[in-house]
2 protein chains.
Amino acid sequence: MVNINSVVIATGTHGNEFTGIYLGKKFEKFPNIIQRSSFETRVFLSNPKAFAAARRYIDKDLNRCFAKADLQNPQLASYEDILAKNIYYLLKEESKNQQQVLIDLHSSTANMQLTIILKSQHPFLLQLAAELSAINPDVRICYSQPIKESNYLCSISELGFTIEVGPVAQAVLNAELFQKTEALIYQVLDYIESYNQGVSKEQNRTLTFYQYTEVIDYPRNEDGEIQAMIHPQLQFRDYEPLNPGEPIFLTFDGNAIAYQGTSTVYPIFINEAAYYEKGIAMCLTQKKTLEI
Amino acid sequence: MVNINSVVIATGTHGNEFTGIYLGKKFEKFPNIIQRSSFETRVFLSNPKAFAAARRYIDKDLNRCFAKADLQNPQLASYEDILAKNIYYLLKEESKNQQQVLIDLHSSTANMQLTIILKSQHPFLLQLAAELSAINPDVRICYSQPIKESNYLCSISELGFTIEVGPVAQAVLNAELFQKTEALIYQVLDYIESYNQGVSKEQNRTLTFYQYTEVIDYPRNEDGEIQAMIHPQLQFRDYEPLNPGEPIFLTFDGNAIAYQGTSTVYPIFINEAAYYEKGIAMCLTQKKTLEI
């Protein structure tokens with residue numbers, strides 16, 4: 001693969017995820033800290049209007065607006081539909097003669113630590129994931145194989161990925177998590193610099209990653225109202241093993257509901273605020289390893 | 001004072017504070033659990049439209065719309081202004097020939113534990129506060145002396161108060177906090193029952209409470225953008241002593257900013273999400289005791 005020419009850091013794809021947004025403001029104020037000798041780095045705030053309102057989005061979730069068919073559909077004209085088309089053509093145009101890495105910075109109310117979500121198993125991304133896992137104990141790698149075409153912002157680039165940090169409430173800054181996310185960005189940039197300079201370590205490595213298998217919704221009544229909460233024993237236990245028979249929900253009248261699966265899974269995005277409306281109480285993953 | 005005839009539990013005065021809202025739904029489903037022999041209890045959801053949108057409010061903060069002058073001002077016609085007038089006249093009408101207790105249930109991203117906020121030092125409220133403090137180790141009592149007339153929902157009733165529970169992200173349920181809040185409500189109802197039956201303990205007691213003194217805003221630039229975060233050493237340390245010279249903020253470029261006061265204070269509402277727009281990074285209080 002040719003060298004990386006450009007890194008784009010997208011922030012505020014969700015307007016109430018402040019960690020990435022304020023990190024982006026810092027990078028714009030002190031551009032030297034994200035510059036490396038072999039490539040250009042720039043930041044952009046995806047959804048300024050949602051940020052001004054401290055809301056995830058104005059009309060619909062921007063980070064579900066990037067399916068090719070939707071981008072080409074002129075009937076889709078909500079604020080975020082138009083914004084997505086804008087961002088898509090801007091980045092596509094910009095990356096025409098470039099090898100571009102696209103990082104989309106998110107935060108979560110779940111205990112995601114420093115999660116890198118890959119949508120493809122491109123060798124460059126796997127090498128990057130292995131390097132980050134090796135040097136940063138808070139890093140977790142997730143792989144979400146798109147069932148159909150991805151509609152995420154990071155899918156604009158072949159070398160795009162998402163970073164999810166947490167736990168942190170929406171519209172809040174947590175200084176510790178801010179600093180951890182900042183350090184992670186520098187590790188990514190430094191890896192790309194080494195890669196371009198041909199000094200990246202190509203030794204055999206075992207990459208541990210978590211592959212999405214399914215999502216679990218809250219128990220709901222016929223009106224769609226939730227009838228239970230995440231069980232206290234599961235709250236903030238993202239990436240820990242969950243075994244059949246262990247409690248996952250607690251109903252409002254105090255009854256535990258157990259996980260009904262047949263094998264151990266690793267739940268993530270447990271109690272993510274923005275997923276209540278999506279019908280997702282948690283995402284289940286399988287823990288896997290890959291020799292790269 | 002005459003007996004209490006009625007208790008009203010307001011939930012969802014902020015539509016993204018789910019703890020009270022879902023607790024209210026439970027109480028409506030199982031009304032017996034909030035009934036006591038000597039008074040009626042009912043629940044109402046203050047801002048259903050904001051709850052449906054999982055937002056704090058639609059147009060403006062409902063819990064700042066209850067100043068008498070504003071309620072009488074026909075020019076104030078935003079969604080929440082109208083809603084406030086509605087709620088006010090409904091509750092006033094209902095309580096005409098009743099001694100009514102009004103509990104407004106809130107949650108916070110700050111580590112408020114189970115905070116009771118009093119707007120007056122009515123003897124009944126002080127006795128209740130002392131009783132709850134004595135039997136529940138998570139209870140904290142705050143006293144906010146209104147500089148001018150209060151604009152909070154709970155001010156509709158002479159016997160109104162606010163409960164703030166946290167830390168919990170907006171638009172999320174935390175099962176442990178849900179259960180603690182539920183238990184607290186039962187303790188309040190049981191106290192009122194004892195009071196009505198004349199069996200409440202009238203012994204001398206020392207009540208510890210935290211009195212608001214001032215609010216501190218984030219450091220901001222000339223455009224009003226925040227330039228620092230709550231310092232990691234202060235995050236989630238609500239109700240702990242803060243001494244002059246101890247760090248309260250961390251700038252984005254990594255410098256600590258110390259508390260400049262001259263005496264020990266007890267910060268609360270540290271890093272409350274909804275207060276970023278209000279210019280409040282934390283509220284300072286003084287710890288006091290009162291013999292009652």
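**Questions on an interface and two sheets**

Modeller: In this predicted model, chain A and chain B together bury about 2,600 Å², and 62% of that area falls on carbon and sulfur atoms. On the side of chain A, A:Leu173, A:Met229 and A:Phe252 supply 20% of the area buried against chain B, more than any other three residues. The contact draws on 32 residues from chain A and 32 residues from chain B.

Biologist: What makes the pair B:Glu225 and A:Lys25 a salt bridge?

Modeller: The N to O distance between these two side chains is 2.6 Å, and the rule asks for a Lys or Arg nitrogen within 4 Å of a carboxyl oxygen of Asp or Glu, so the pair qualifies. The count between chain A and chain B is two salt bridges, and nine residue pairs across the interface are in polar contact.

Biologist: Which elements of chain A give two or more residues to the side that touches chain B, and which gives the most?

Modeller: They are helix 1 (18-29), helix 6 (175-196) and strand 8 (228-230) of chain A. Helix 1 of chain A gives the most, with five residues. By residue class, this side of chain A divides into 18 nonpolar, seven polar and seven charged residues.

Biologist: Why are strand 8 and strand 10 of chain A called edge strands?

Modeller: The sheet they belong to is open, with three strands in the order 8-9-10 and antiparallel pairing. Strand 8 and strand 10 (256-258) of chain A each have a single partner strand, so one side of each is left without a neighbour in the sheet. Neighbouring strands of this sheet are turned by 35° against each other on average, direction ignored.

Biologist: How do you know that strand 9 and strand 10 of chain A pair?

Modeller: Three bridges join strand 9 (residues 247-251) of chain A to strand 10 of chain A, the two running antiparallel; at least two bridges are required, so the criterion is met. Within this arrangement, A:Leu250 stands opposite A:Ala256 in strand 10 of chain A.

Biologist: What makes the pairing in the sheet of nine strands of chain A differ in kind, and which strands stand at its edges?

Modeller: This open sheet has the order 2-1-3-6-4-5-7-12-11, with mixed pairing. Strand 2 (40-45) and strand 11 (266-268) of chain A stand at the edges with a single partner strand each, so one side of each lacks a neighbour in the sheet. The twist from one strand to the next averages 30°. Strand 3 (residues 100-107) and strand 6 of chain A run parallel and are joined by seven bridges, and A:Ser107 stands opposite A:Val165 in strand 6 of chain A.

Biologist: Which strands does helix 4 of chain A touch?

Modeller: Helix 4 (residues 79-94) of chain A packs on the sheet against strand 1 (6-11), strand 2 and strand 3 of chain A, and its direction makes about 175° with that of strand 2 of chain A.

Biologist: Why is the loop between strand 6 and helix 6 of chain A singled out for A:Pro167 and A:Ala171?

Modeller: Most residues other than glycine have a negative phi, and most peptide bonds are trans, so exceptions to either pattern are worth noting. The peptide bond from A:Gly166 to A:Pro167 is cis, with omega near 10°, and A:Ala171 has a positive phi of about 60° although it is not a glycine. In chain B, a cis peptide bond joins B:Gly166 and B:Pro167, with omega about 15°, and B:Pro167 lies in the loop between strand 6 (159-166) and helix 6 (175-196) of chain B.

Technical notes. Residues are numbered from 1 along each chain as its sequence is written. Chains are lettered from A and ligands numbered from 1 in the order in which they are written. This is a predicted model: local features need pLDDT of at least 70, side-chain atom pairs count only at pLDDT 80 or more; totals for chains, interfaces and linings use all residues. Side-chain values use heavy atoms; hydrogens and water are left out. Contact means heavy atoms within 4.5 Å. Buried area is the accessible area (1.4 Å probe) that two parts lose on being put together, summed over both. A polar contact is a pair of N or O atoms within 3.5 Å; within protein, one must be able to donate a hydrogen and the other to accept it, and residues adjacent in sequence count only if both atoms are side-chain atoms. Helices (H or I, at least four residues) and strands (E, at least two) are DSSP runs, numbered from the N terminus. Ala, Val, Leu, Ile, Met, Phe, Trp, Tyr, Cys and Pro count as nonpolar, Asp, Glu, Lys and Arg as charged, and the others, Gly among them, as polar. Axes are lines fitted to C-alpha atoms, for helices over the stretch in contact, and angles run from 0 to 180 degrees between N-to-C directions.
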